Each structure stands twice: as C-alpha cells, then as structure tokens.
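These are my notes from a session with the model, set down in the order in which I looked things up.

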Amino acid sequence: MTGWLRLAGGRLVASVAILVAVATASFWLLHAAPGGPFATDQPRSAAVARAMEDRYGLHQPLWRQYGRAMARLAHGDLGVSMKRDVSVAGLIAEHGPISAVLGLLGLAVAVIAGVAIGVVAAWRRDTWIDRGVMLGALIGISVPAFVLGPLLIASIALDLGWLPAARIDGARSLILPAITLGMIYLGTVARLTRGGMLDVLDQDFIRTARAKGLPEWRVLAKHALRIGIAPVVTYLGPATATMISGSFVVERIFQIPGLGTYFVTSVTDRDYPVVTGVFVFYAALLVVLNLAVDLAYGMLDPRTRDLGARTRDAGGRARDAGAPAGGTRR
Amino acid sequence: MARWLALVALVGCSLPDGDYFGRVAEGRDLDPTHFRWCNQGEPDHLDPTLASSTASSQLVAALFDGLTTYGPDGLPVASLATRWEVADDLRTFTFHLRRDARWSNGRGVTAYDVAHSVFRVAHPLTASPNADTLAPIKGATAYLTRRVLVMRRAVAGLRIGDVVERVPDAPSGSEASNAPSATDAPDAPDGAAPIDPDERTARAPLALRDLGAAERDAYAIVPPGTPVVRMMTTGGRATLPSPAGGAWAYVLWQRDLEGVGGWVPARELDGEPGGDRVLQVRRAASAPAVTVHGRDVEASTDAIGIRIPDPYTIVFETADPTPYFVSLTDSRALRPTPIEAWSRWPRSWDRPAHIVTSGPFTLAAWRERDRVELVRSPTYWDRAQVKLARFTAFSMDDQAASTNAYFTGACDATAANNVPSSYLPAINGEQRGGRAYKDYAVAPFLGVYFAWIQTQKLTNRHLRRALALAIDRTAVPRFTHGGELPSAQLVPGTPIAQLSDADLAACGVTRATPGVALVMVTGELCYVPPPGLDYDPVAARRELELARAEGGLPDHPIEYRYNAGAEAHKQIAEYLQAAWAQVGIPVRITAQDWNSLLDDTHKGDYEISRLGSIGNFADPQSEFLSLFRCASPDNRGRYCSADYERLMDEANALSDRRARNAVLRAAEAVMIEDAPVVPIYVYTQKHLIKPYVRGYATNLIDQPPLWRIWIDPDWRSR
C-alpha cells in the first residue's frame, strides 16, 4: 500500500512539473517568434494597433506577462483567445468532444483492424499471408493522411458520391475521416501485435493450452493475445492522446471543427493563451493516458497484477514500455 | 501537396463532362427558400465593431443595416438613410434616416444608435480593429488616443465645453505624426495603458442599467470605490437627451476581459482617480499651452465631429475634405449596433443567445468553425424583398474542401477566391479544350499583387526602375490560372475593355485603351491610373547601367521574400528571380511564415517583399496611394518623396472630385516612376455558383448583396 501511495505521489509531482514545463516552454518559444496576434497586411494606424495590444497587456514586460499567465493557470484559468474573444477552456469544451469522437473511431479502426492483421500474420508467420498483410501495413504507415484523405474523397465522395466530401453532418460523414485517421496508426498496431504475439506463441503455456486440445482460435484469442497485446497497449497510451486531441491534417481536409486545428493555427496566429492552453491540455491527456496504460497492464497480464511489487523491481518503473516484447518475460 | 493529389484523382477519375462542375439539383430536390453558401472560413465576430475578418464581412452586411449598404455593383445605395446632403466643402455630411427601421427586438433605429456605435468604435477600451475607418471624422482618432479633451471647469482662461488638445509631455521621438502613440503619458508604468482622464469612482454601489431604467432593473452592480470609465453623458451633441431628473453617464466597468457597460445617473459618480494629475493642453495647434488638472477635463464624445439635430438626422463633420465619406457609411465601423445588447455583453452579444440585429436577417445559430445559420428578419423594413427564408454559411477554411463540397452539391455557391489554384486548370477550361464550366465565373477584384521595395535599402532609383521594367507580367496568369490581369499600374480596377459605354465616357478613354480603370460613381466619376513601368528589357538594362554608373548596385544578391504556404507565391517568386537574372540582377528568394513577414516588413527589415493591397471601397487615395506617404504607418517601403507629398496634399484639399482625380493621377505617376513598388497583377475573384442561384451579383469589392438572392427550381426551363 505504501508503495502504491509513493507511486501515486511521485506521479502527481512529476505530472505537475510536466505541465508547468509545457506552459513555460510554449510561452517563451512563441513570444520569441516575430509578429503578434494582431499583425495584418491591411492598413492600421499605430494608435489602433496599440489599443488592441493594450487590451491584452502585450506591452508589459514579458516576465510580468509570464507571471500573470502562470498565476491564471494555477487557478485553473486558461485565459481568453486574443483572436476570437472566447475563453480557451470554452474552446476546448466546444471542439474537444468532436475530436474525441473522431479519435475514438479512428482508434477503433486502428485497433480492430491492426490487431486482427497482426494476429493473423503471427499465426501464419513467414508465409505469403504474413508477408502480404505486413506489406500492406507498411504501406499504411507510409502513406500520409494528406495523401490518403484526398484520395478517399476523390474516389468515394466525388466520383462515386457515396459519402459527403467535407464537414460533419450525420454519422456517415465520420466514416472517411475515421478511416484516414485510423490508417495512420493501423500499420504500427499491426506490427506491434505481430511482434508481441510471436514472443508469446513460443512459450510453454501456449504449448500447454494447445496440448489440452483447445481450439486454435481460443488459444490465440484467450491465452496468447492477452499477453501478446502488451506492446500495443503501451503504444496506445500516447497514441490515444494524440488521436483524441485531434489531427490538424485530417480536420482540415474534411473541414471538421475539432481541436487539432488549434495546435497549428494558434501558433501561426500567435494567439498566446490558446497555444499554452491546448498544449497544456494535450500534456495533461498524455499524463492521464500513460497512467491508464499502467493500470491496464496490471489487468491484462496476471503476472504484473501486483502493482506494488512492480514498483519495487530493479528499474522502479511501473511499466516496461522501453522493451515491449521482452517486458513480459521475467 | 494535398490539393495536388486531390486534383490528380479528380482529373483521373471524375472530371465531369457536362456544362456544370459537379452535381446540380433541380425541381423538387431544391428548397427554393434556402441558400447554402460555402463561406471562406470562420467569422471572427458578427459584431460590426469587432469583426475584421473577410469571412465576417458579408454576414455582417446581411445582419446589420447601414446608413448605406452595398448595391449590386458594390457602390453604396440608400438603406437606413433615405437621402443625404454633402456640403460643398466636402467636410459636412447630413444623413436623413427612415422612420420604419426596427431592431429585431422591436425598438426603432435612430440616429443615436449610429452615434453611440461610432463612439464605441472610437473608444480605446473597445479596441476595435475598424477604428481607423473613423479617421476622417473630426476628433475620432484623437479621442481614441485621449489627445482631445473637453473642459469640465473654467480654469486657466478656458471655458466649460472648450475643446482642447493635449500637449505631449515629452517628444514622442520619430513616431509618425499622424499616428500618435498612446505611450507618451508619464503615468504609464511598464508600458501599461495610461490612466484614462475619464476614470471615475462612486462611494455607493453603481447600478448599471438602460437609460432611465429603475435601479432594480440593473444588470450589473459596481462595488463602491471600483474605478469605471465614463464613455459619454446624456445631453451632448450626439448623445441621447437627459431623462427628467438630470444627466446620466454611460460607464464601462472592466471587471474582466469582457467587461460590462451601462447608464447611471451622472450625480452618482464622484471620485476622480486621475484628478490631481497635471496636464498641458492648448485650444488650437498655434495657441500657447496651459496647465490644467485631470479633474478639469474629460475625454468627452462632444470632441468628435458628430451632431444629432433630431432623432432621425445625423451630421458628420470631417477634418479635411473627404470626397469618399459616403462610401464609408456601408463599412463595418459605421453600421449601427444596439446599445442594450453590447452594454450587457460587450464581446459576446453577437452570439445567438444575445444578438439584436437590424438587417435583412437575424442569427438563428452559430456553430463555431462549422456554420452560421441566418433566417429572414421579421422586423427588417425591406423584408418583402428578401426571398430567402434561410441562409446558411458554412465555415470552410480549406479551399479544396470548399470546392469539393460545392462539387457534391453540399453548397449552392462558394465565396470568392475559395478555389485552390491547383483546381483551376480543371475548372477554367484549360484541361477541357477551353470549355470552362458554366457555373464558374471570374471577375476583376479591387486588389493588387505587388513586389514592395524597401527604398531605404534599395536607394537607387535606376535600380528600382530596372526591377520594374524587367518583368513580363503577361506570363504570370499562366501559372496562377485564375485569369489575373497583368498590370504595371498600382491602383486596380476593371479592365477598360469590359466597361460600359457610360463608364468609358466617364473615364475619358476608348475601349482600345490598355489597362484598368476604377469606376467610383457609375457613369459619372472614374479614375484611370497612369500606365506604370511595363516590360521593356532594353530600358531595364539601360537603367541598370545607369545604376551601376552611380555605384547604386548592392554588393550582394538582392533578397526577395514571400510568405510560405501558397504555391502561387513561390512560382511567382521563381519567375521574378529568373526575369531579373535575365537583365543581370542577381536575386535570391526566401520564404517566411506570414506573421514573421508582416513583422519584418512593418519594421522595414527587408529588401523586396511580395505583398498586396485590397481596397474596401472604390477610391484610389484612401486605399492605395496613401500607402506611399512619408508618415503613413503602413508605408512598409519607407518611400518618401517631396513631390508626391505636395501633390497628395493638393489633391486632398480639392473639393471637386474630377479635379482631385487628375491631381491624384499626377501623384501616382510621380510615385510609380520612382518605382518604390513593382505591381504584378490585379487580383480576380473566382466564383462557383450553381445555375439555380439567381441574383448573386459579383462586384469589384466582392460585396454581393446576398440578401437579394433567390433559388430557382425551374432554372433549366427558363
């Protein structure tokens, strides 16, 4: 129990430190970039520019602006977008759920298809099936979203007219963006699954299960996959954070009002509070999901169920993310 | 890259063969009362005072009436004002308002709404991006910078009500004279905003409410001792009359970034936080400065040149002759807004829950970065002419996605310039043997694309002339694909060959005259820019030799910058580089992110940069020629010519608009011969409009009156 508490306390301190570091870095890096939120190519007098900048205290010394921003953050206030006059928290609340729904759908595409491909490839290792599906996975990794998305739009939306070309308007309009988003991760999931499964399929308990006369699908699904999927779970922590916080490219191609857009536009707009807000939000998601991965680990692999025991082992690390395939062999 | 691939796929498998680009509905598939428009991105605001994005301008015009509004040709037509008088000296403009105009909450629209909105735009706490539109109005800019004050007490030989000008406490350095900085107050620590001369406090709680309302109807209570900023007082030159029982003051309370405003009885305000501050003021520029205290003065709206003789008449006074003043009255800064809404929610009253409108439409829904839904207003005075019951504007910030949505029939028309250049060859006929789709329309646009030269870096006039003369601009549209109009003239306009006979006569040209002309009043007034330095490689080499003889060539390759992200900017940069190399001028090209490019060019830290200028209304001076004045804050090229200054001043003093145009033309000729800028082409606007959309008028400033549109289900049989 004390081990668990120590782990939780350590995690908490580290998480806060990470969020402070992210907020600090985003503040200073963006202020180091030239320009500002109110730059324009249209005529504007110095007096008007000054009034707009004064509204947000942009003429105060940077250290003071930084102090204010951090004090606000400490109170849980992400500030107000300088370009749009809306609160950053409201912006995340409005656009975050859209990205989350799309991200989870993409995640489902990546996990269901990726794990199935990986299991089949491992099961039929070194046959033409293995090579074929893994080549497909490699192509999946290699084709970027800004190529796949337009190809899907041109063929399925424009040419065949089966699905909408842009915007979210009903469930059907989520299909193409979810596939585009999922394909980015599908290949990686398939390769990790195959690697994990290959490690497991050689082990004694699998041989035992087969010797007991269990049908092959039960051996694979019930015994092997539980252990073999571990590297995928490790990978899915950060991947989920990335997917549900939105993809700039996918949101732009399909005109989806998600959160991912702000990771790019807030930087090009020099919208300082939004930059800090979305990056801190993303960092918090990463922290939470990595914690979730640790918990999931314990549930999946009975040998690592005692979390306290794991914290006492040599590295002191809660998970063996660094060596996904070897991690379960102890 | 993404667009290029989409195009390959598009061309490869689905370039439609018919007359129209994509699906066209007809008959019962069409809702004749609903227009769906692919707008170019998300509007920043729908509040005319705060909206500055292109994506908001047409929605603002559909929601809010103006004294004038955009006619089909883009020139102002009577709307809220039924008629107006312009004084002979072009300094006084009297507008007479219709009496049947109503806000969507039922209240009548009066001249006070116009004046109070202007005061809000001009107030520094509003920080309106459109405040520069008010610059011609007497005292407006000085009110914003707190330079102009009105005496509250008779001291130092000044009388109550005297308008005085604040004398800067210290010389403000090299700051441009017409762009006063707000930093000159000594009481501004660390660059914070100076203490406002209109700061007030109250000993008792202040109940902010509508004018004349009971205290119990207050929507915000200011705690005792909390500073507020007084914006206006009843009974002024253009403020509402005082209710029985004495004057009321309108105050702003910055309790947070949004703040709140409201009326209170003026006698409740007593404290004066800046009261002991010593100020130097003078009555006129030539008068001696005298010392007064903060408590003696106020930044009253009476210092702004607006008068209201009766609730349906408003008079604007400008400092200088302003021939284009009527053109300003359809702009966002001068469209009235309802004080009862912006008082309560200064930054968010334009959301569906709070909005009050006066135009053809009201706001039904606004889903951020998705769509804005407008419905016909039941209170608009001209509602019988609005045929659409619903108008949906999708916020499409990606050009390819917008064009794809149009193709599938998800929108009925796209905003101008929202077709990616990679799609254009497929649409404009280049890839179909010259058969452009019938629903594709190209029209000239009041904008010019140019290479702006930093004249303090490239000081040699011959070198700059060589740069201008070396470019064969006719080749540029071959890779921009949008039918752009190659031009060596700075002021853009309509190609002379496309003008009507009446406009040809007004311009004093024949149809065979090359170049463009800017029609300012249809059939009456026209500006024809001088020809400029068009392609002449022999002359370019000659100028280069002259520059070399004068030792005017830089010892390094000249740097040309453009903003990264758009393929056309890069192609044009490479084309210019090759053209300049041909005459012997080595140039290297650099891509920069847009915000950095704006920052560097604003500081004058560049040699040549791609930029452009887009006009909001048809006038050569206010939108284009002003960029080259010595003191202009927008003078990125730092061009400064005594001859040009003299001619521009001369033109501005003229009240005869034809004579003024002639002098402006002489001024533009002086400037363009000095080559501080190399114009490349006049922009065009590219529209995709389904054939069943009727009444979609494209015009030079891209302000189609969208409320005149109707949908024709039987379009094929008509």
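**Entry 1: a hairpin in chain B**

I began with a hairpin, in which β17(B) is joined to β18(B) through two residues. I am working from a predicted model, and I kept that in mind throughout. The strands β17 (residues 306-310) and β18 (residues 313-317) of chain B pair in the antiparallel sense, and I read three bridges between them. Looking for a bridge partner in β18(B), I found that B:Asp310 is matched with B:Thr313.

**Entry 2: the predictor's confidence**

I then looked up the scores, and for the complex the predictor gives an ipTM of 0.89 together with a pTM of 0.90. Chain B has an average pLDDT of 91, and 94% of its residues score at least 70. Where in chain B is the pLDDT below 50? I noted residues 1-6 of chain B, a stretch that has 16 contacts in the model beyond near neighbours in sequence. I also noted residues 171-193 of chain B, where the pLDDT is again below 50 and where the contacts beyond near neighbours in sequence number 44.

**Entry 3: the six-stranded sheet**

What is the strand order in the open sheet of six strands in chain B? I traced it as β24-β31-β23-β30-β28-β29, and the pairing is mixed. At the edges I found β24 (485-486) and β29 (587-592) of chain B, each of which pairs on one side only. Helix α13 (residues 567-583) of chain B packs on this sheet and touches β23, β28 (558-563), β29, β30 (608-614) and β31 of chain B, while its direction makes about 165 degrees with that of β28(B).

Within the sheet I followed one pair in detail: β23 (residues 440-453) and β31 (residues 677-688) of chain B run antiparallel and are joined by 10 bridges. At one position of this pair, B:Pro444 stands opposite B:Thr684 in β31(B).

**Entry 4: a four-stranded sheet**

I next turned to another open sheet in chain B, whose four strands follow the order β8-β11-β12-β13 with antiparallel pairing. Its edge strands are β8 (199-200) and β13 (260-265) of chain B, and each of them pairs on one side only. Between β12 (residues 248-253) of chain B and β13(B) I read six bridges, in the antiparallel sense, and I noted that B:Val251 stands opposite B:Gly262 in β13(B).

**Entry 5: a helix pair in chain A**

Moving to chain A, I looked at helices α7 (residues 175-201) and α9 (residues 216-228), which pack at an angle of about 120 degrees with their axes 8 Å apart. The two helices α7(A) and α9(A) are therefore oblique to each other, and α7(A) passes α9(A) in a right-handed crossing. On the α7(A) side the contact includes A:Thr193, A:Gly196 and A:Met197, and these belong to a group that meets A:Ala224, A:Ile227 and A:Gly228 in α9(A). By class, I listed five nonpolar, three polar and one charged residues in the contact of α7(A) with α9(A).

**Entry 6: the interface**

Which elements of chain A give two or more residues to the side that touches chain B? Before answering, I noted that 48 residues of chain A are in contact with 54 residues of chain B. The elements are α2 (46-55), α6 (145-159) and α11 (248-254) of chain A, and the largest share, 10 residues, comes from α6(A). I closed the entry with the classes on this side of chain A, which are 25 nonpolar, nine polar and 14 charged residues.

Definitions and conventions
Residues numbered from 1 in each chain as written. Chains lettered and ligands numbered in written order. Predicted model: local features only at pLDDT ≥ 70, side-chain atom pairs only at ≥ 80, totals over all residues. Contact = placed C-beta atoms within 7 Å. Nonpolar A, V, L, I, M, F, W, Y, C, P; charged D, E, K, R; others polar. Pairing = 2+ DSSP bridges. Axes fitted to C-alpha atoms, helices over the stretch in contact; angles between N-to-C directions. Parallel < 35°, antiparallel > 145°, perpendicular 65-115°, else oblique. Left-handed = near helix turned anticlockwise from the far one by under 90°. pLDDT = per-residue confidence, 0-100.
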